[in-house]
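Trainee: I am new to this structure and would be grateful for a close look at a single part of it. Please set that part in the context of the whole chain.

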Amino acid sequence: MFYTQEESAVLGGFLSSYLNRDSASDHVRDAFARFQVGLELGCLQKSELQWAEQMLLALKPLWWEEWEDHRALMSVLLKTQALLRSDE
């Protein structure tokens, strides 16, 4: 089980909009860059999935409530958690 193209786009796009900016620390931007590579190649490590889960939870107050996006993000968060459990 892995992310679909749509899930990858939602996840990558959302995280990029908040983490790929100068106000984010170098550590966060570096972690995001590694995550993006793994996401594109379909080979995320457990640590990268845990990082994505933490970022989605930390950024949850910024999810758009007015449109459908919060549902897509919740779906991606649940998928991330399922992927983490499948590795155990």
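In which helix is the place of T80?

Mentor: The model is a predicted one, and T80 has its place in helix α4. I shall describe the chain as a whole, then return to this residue and to the helix that supplies several of its contacts.

The secondary structure amounts to 4 helices and 0 strands, and along the sequence these follow the pattern α-α-α-α. The C-alpha trace spans about 35 × 30 × 20 Å along its principal axes. For 88 residues, a compact globule would have a radius of gyration near 12 Å, and the chain agrees with this because its own value is 12 Å. Of the contacts between residues at least 6 apart in sequence, 65% join residues at least 24 apart. Buried residues account for 39% of the 88 residues. The accessible surface of the chain is about 5,500 Å², and carbon and sulfur atoms hold 51% of that surface. As for charge, the chain has 8 positive and 14 negative charges, whose mean positions lie 4 Å apart.

Against this background, T80 can be examined more closely. Its relative accessible area is 0%, and T80 therefore counts as buried, the cut-off being under 20%. With neighbours within four places in sequence left aside, T80 is in contact with Y3, L49, A52, E53 and L56.

Among these partners, L49, A52, E53 and L56 are also listed as buried residues of α3, together with E48, W51 and M55. In an α-helix there are 3.6 residues a turn, so residues three or four places apart point the same way. The buried residues of α3 pack against α4 (69–86), as well as against α1 (5–19) and α2 (26–41). Helix α3 itself covers residues 46–58; at 1.5 Å a residue, its 13 residues should span 18 Å, and the end C-alpha atoms are indeed 18 Å apart, so the expectation and the model agree.

A residue of another helix offers a contrast in exposure. L41 is placed in helix α2. Its relative accessibility is 62%, and L41 is classed as exposed because the cut-off for that class is over 50%. Between L41 and M55, which are 14 residues apart along the chain, the C-alpha separation is 20 Å. M55 is one of the buried residues of α3.

To return to the request: T80 belongs to α4, is buried, and has L49, A52, E53 and L56 among its contacts.

How values were computed. Residues numbered from 1 in each chain as written. Predicted model: local features only at pLDDT ≥ 70, side-chain atom pairs only at ≥ 80, totals over all residues. Heavy atoms only, no water. Helix = DSSP H or I, 4+ residues; strand = E, 2+ residues; numbered from the N terminus. Expected span 1.5 Å × (residues − 1). Buried < 20%, exposed > 50% of the residue type's maximum accessible area, 1.4 Å probe, protein only. Contact = heavy atoms within 4.5 Å. Rg over C-alpha atoms; globule rule 2.2 N^0.38 Å. Areas by Shrake-Rupley, 256 points an atom, 1.4 Å probe, with all protein chains shown as cover. Lys, Arg positive; Asp, Glu negative; His and termini not counted. Charge placed at Lys NZ, Arg CZ, Asp CG, Glu CD.
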